[in-house]
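Please look over the sequence and the model that follow. The paragraphs after them lead you along one helix, and then to the sheet beside that helix.

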Amino acid sequence: MHYDVIIIGAGPGGIFATYELLQKAPSLKIAVFEAGRELAKRQCPIDGEKIKSCIHCQTCSIMSGFGGAGAFSDGKYNITNDFGGTLYEYIGQREAISLMEYVDRINLSHGGEGTKLYSTAGSDLKKLCMQHKLKLLDASVRHLGTDINYIVLGNLYEELKDKVSFFFETPVLHLKKTDEGFQIFAASDSHTCRSCIISVGRSGSKWMEQVCTELDIPTESNRVDLGVRVELPAELFSHLTDELYESKIVYRTEKFEDLVRTFCMNPRGIVVNENTNGIVTVNGHSFEDPAKQTDNTNFALLVSKHFSEPFKDSNGYGESIARLSNMLGGGVLVQRFGDLVRGRRSTNKRIAENFVIPTLQAEPGDISLVLPKRILDGIIEMIYALDKIAPGTANDDTLLYGVEVKFYNMQVKVDEHLESCHKGLYIIGDGSGVTHSLSHASASGAFVAREIAKQSE
Ligand SMILES: Cc1cc2nc3c(=O)[nH]c(=O)nc-3n(C[C@H](O)[C@H](O)[C@H](O)COP(=O)(O)OP(=O)(O)OC[C@H]3O[C@@H](n4cnc5c(N)ncnc54)[C@H](O)[C@@H]3O)c2cc1C
């Protein structure tokens, strides 16, 4: 079958590319190929009773399928150029923000109306952070919440499904350049197209690497972020989360001058497992629906590491550390902050007696046996710094889950149109290494759709 445009991957990047193509060039024939299932069929087998931990499904329903890695996420759309990717370096600051605002409007009109937009503008918390050697980054945050995010995705799918051809559970195995465009190969058939948008996200990183090698597309290594997820009573952070919801706070350590930052804050949320290519790490969710909320808030504390010469494999480094934690704990480890600073492991008894009740069943252990000293020292320093703006953060009962790893795709060389060295081949979203957030990935999709629509006029 021949299409005008083939989109590989139905995460936020692929969805917004599809959506925008239908708005700007409705006559184009479009197909979307997705390795995972359609939204309603995405189901992680972990039920907390019969299946308590990850059983390593062939295609992970948390990471793959319509909605991509973001489908069961907290749905925090950060409208900012300060973090979440470097899209602005390619398309300009103003265009990037304008597209993120456009994505926000589409989300609102598809079920997200009534959700709250938080902003750091004019907040007194900035001053409080500065007084304690912490820096609060600027952003507006639309918090859809896991439940509304799912509804928005469902509504978008309903709108798109009859206008484009969706192929679910159909991973693209191979991509070939032809005289007229591109040919993609799935397990049982092949299809051709004039333009191709690759938006395969983090889960498609290995495949993306293969495509870049085969088509001679230059790449560079990217960073990896390593750290822990902190869980504490929601009241301790409520002055931050009530006003800002998600506060991105950065701290420069005194010992090594490393930067440690908060990431993915989930007020009254839950801590969850995440499976990336068979490695179990930790993440967090929260809900708009008060009935699903908990008494705890969780967030990650992360340190970035970037290797270039002679060792280049930043992700491999992160994977090895995550594997080590999986080896010791069979999955994610949990430790009381009080146990960590006393140099002892947490035990089932100590966790059972802890004032903060964990929202994820993880193996009590010793995170200091997993994380490199330099990273752990930085995290401990930051916990004490946060204790000054949110007293209680450094309490013995604060829980630390490890490890949290944020993998980044290698940086694929694309130009200011997000087009690779092959005309008509666009590489967007987290798979390109350009973005690493819902809003930036979605904006990159809308951007390339407009580029393709302009050319087809
Ligand atoms: C638990 C969790 C919570 C998160 N919370 C937030 C948040 O609150 N805010 C935020 O900004 N970001 C969050 N993120 C990150 C965010 O989800 C990603 O940045 C975003 O989804 C990237 O979009 P994408 O379209 O580039 O890739 P993805 O969402 O990863 O989608 C890529 C899709 O491509 C498919 N695919 C891969 N390879 C192939 C192939 N060969 N053929 C066909 N299909 C393929 C995959 O199955 C996947 O569905 C979270 C991530 C996780 C895992």
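**A helix and its sheet**

Helix H8 is followed by Gly330, whose phi is positive, near 70°. This is a predicted model, in which local features need pLDDT of at least 70 and side-chain atom pairs count only at pLDDT 80 or more, while totals for chains, interfaces and linings use all residues. Residues are numbered from 1 along each chain as its sequence is written. Helices (H or I, at least four residues) and strands (E, at least two) are DSSP runs, numbered from the N terminus.

H8 itself takes in residues 314-329, and its 16 residues reach 23 Å from the first C-alpha to the last, close to the 22 Å expected at 1.5 Å a residue (that is, 1.5 Å times one less than the number of residues). Among its buried residues are Gly318, Ile321, Ala322 and Ser325, where buried means that 20 or more other C-beta atoms, placed from the backbone, lie within 10 Å of the residue's own, and exposed means 12 or fewer. The buried residues lie on the same side of H8 because they cover an arc of only 145° around the axis, taken from the directions from the helix axis to the C-beta atoms. On the other side of H8, Ser320 and Met327 are exposed.

Turn now to the sheet, which is open and has eight strands in the order S5-S13-S14-S17-S12-S20-S18-S19, with mixed pairing; two strands pair if DSSP finds at least two bridges between them. Its edge strands, S5 (134-136) and S19, each pair on one side only. S12 and S17 run antiparallel and are joined by ten bridges, and Glu231 has Asn298 in S17 as its bridge partner.
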